[in-house]
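Here are some short exercises to help you find your way around a new structure. Try each task by yourself, then compare your steps with the worked solution.

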Amino acid sequence: MYLLEVMYMEIQDEAKAKLKKVGAENLSNEELVRAFLDSFGQSQKINQLTNHFWDTIGDIAGYGLLSQNEKRKIFKNLPDATVALEAGIELGRRIQKQPIHLLGKVLGSAQLGQMMVSRFQKEPQEHLLVLCLDTKNQIKREIVVFKGGLNSAEVHPREIMVEVLQVSANSFVLIHNHPSGNIEPSTNDLAFTKKMKKVGDLMGIRLIDHLIVGDQSYWSAAEKRFI
């Protein structure tokens, strides 16, 4: 009997051990929940608690749709776990939304695209973001020039170039998100990209890229050789 208990404990501890070994980003959603519960000394009840968690929310995105009262009921006998989970989720959300200039240098469209996917994921409104870069691709300034229902006709190149000129930028990057999750550029998106490239070239300030960001991926004008 003792041997079976030991084996059971080892199985339950696999998710937490895996997290320590390969990092949280390499765990499945279920493994993350199991590792979280194991951290509260609930190894003997992990199966029961994990099943209850998924039965309640259905899908990982469903957690965010619950009210505070509904969230408290998931682990009603573990109030500290509920508080810790909420705090962890909020910390993760704030980390993702930290201004990108803290990261320093733009190394390429792939790096920037992935960071922006994380930043604008589930964002219900469209944003048009401008990154102003120096000669070494260091971000000198980051500013949201438009927020709401983005229409290229509503954003004049002058509004963007004023921000770029204020910091004597050598080049700039445009980024905007599609709340629908569809990253395919519209006809207006493509025309706007061409217009901004032309304006930048005339002023000697190069448009390096225009990124369109969705929930899971991004479209890059530079990677597609559109500019």
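**Exercise 1. Find which strands pair with E1, and in which direction they run.**

Solution. Keep in mind that this is a predicted model.

- Start with strand E2 (residues 139-148): 8 bridges join E2 to E1, and the two run antiparallel.
- To check the register, look at Glu126, whose bridge partner in E2 is Gly148.
- The hairpin of E1 and E2 has 5 residues between the strands, and in this hairpin Asn137 takes a positive phi near 65°.
- Next, turn to strand E3 (residues 171-177), which is joined to E1 by 6 bridges and also runs antiparallel to E1.
- Two positions help you line up this pair: Leu131 has Val173 as its bridge partner in E3, and Leu133 stands opposite Ser171.

So E1 is joined by antiparallel pairing to E2 and to E3.

**Exercise 2. Decide whether E1 is enclosed or open, and look at both of its faces.**

Solution.

- In a regular strand, side chains alternate between the two faces of the sheet.
- Sort the residues of E1 by side: Glu126, Leu128, Val130 and Cys132 lie on one, while His127, Leu129, Leu131 and Leu133 lie on the other.
- Apply the cut-off for buried, under 20% relative accessible area: the residues on both sides of E1 pass it.
- With 8 of the 8 residues of E1 (residues 126-133) buried, the strand is largely enclosed by the rest of the structure.

**Exercise 3. Do the same for E3, then find the strand that runs parallel to it.**

Solution.

- Begin with the count: 7 of the 7 residues of E3 are buried, and the strand is mostly covered.
- Now take the two directions: Ser171, Val173, Ile175 and Asn177 point one way, and Phe172, Leu174 and His176 point the other way.
- For the parallel partner, go to strand E4 (residues 206-213), joined to E3 by 7 bridges.
- One pair to locate on your screen is Ile175 with its bridge partner Leu211 in E4.

**Exercise 4. Describe the surroundings of Ser171.**

Solution.

- Place the residue: Ser171 belongs to strand E3.
- Its relative accessible area is 3%, so Ser171 is buried.
- Leaving out residues up to four places away in sequence, Ser171 touches Leu131, Cys132, Leu133, Asp134, Asn137, Ile205, Arg206 and Ile208.
- Among these contacts you meet Asn137 again, the residue with the positive phi in the hairpin of E1 and E2.

**Exercise 5. Which elements build the largest nonpolar core?**

Solution.

- The largest nonpolar core has 17 residues, and those with the most contacts inside it are Val130, Ile160, Val164, Phe172, Leu174 and Met196.
- The elements that give two or more residues to this core are E1, E2, E3, helix H8 (157-166) and helix H9 (187-203).
- Another core, of 15 residues, lies apart from it and includes Phe36, Ile46, Ile57 and Leu66.
- To see one member of the largest core at work in the packing, list the contacts of Met196 beyond four places in sequence: Pro157, Ile160, Met161, Phe172, Leu174 and Leu207.

**Exercise 6. Is Asp189 buried or exposed, and what does it touch?**

Solution.

- Asp189 sits in helix H9.
- A relative accessible area of 12% falls under the cut-off, so Asp189 is buried.
- Setting aside neighbours within four places in sequence, Asp189 is in contact with His176, His178, His210 and Ile212.
- Take His176 from that list: its C-alpha atom is 9.7 Å from that of Asp189, and the two residues are 13 apart along the chain.

**Exercise 7. Work out where the buried residues of H7 lie around its axis.**

Solution.

- Helix H7 (residues 109-120) has 12 residues and reaches 16 Å from its first C-alpha to its last, close to the 16 Å expected.
- Its buried residues are Ser109, Leu112, Gly113, Met116, Val117, Arg119 and Phe120.
- They cover an arc of only 165° around the axis, which puts them on the same side of H7.
- Just after H7, Lys122 takes a positive phi of about 70°.

**Exercise 8. Step back and summarise the whole chain.**

Solution.

- Count the elements: the chain has 9 helices and 5 strands.
- In sequence order they follow the pattern α-α-α-α-α-α-α-β-β-α-β-α-β-β.
- Of the 227 residues, 40% count as buried.
- Of the contacts between residues at least 6 apart in sequence, 57% join residues at least 24 apart.

Technical notes. Residues numbered from 1 in each chain as written. Predicted model: local features only at pLDDT ≥ 70, side-chain atom pairs only at ≥ 80, totals over all residues. Heavy atoms only, no water. Helix = DSSP H or I, 4+ residues; strand = E, 2+ residues; numbered from the N terminus. Buried < 20%, exposed > 50% of the residue type's maximum accessible area, 1.4 Å probe, protein only. Contact = heavy atoms within 4.5 Å. Expected span 1.5 Å × (residues − 1). Arc of directions from axis to C-beta. Pairing = 2+ DSSP bridges. Core = buried A, V, L, I, M, F, W, Y, C linked by side-chain atoms within 4.5 Å.
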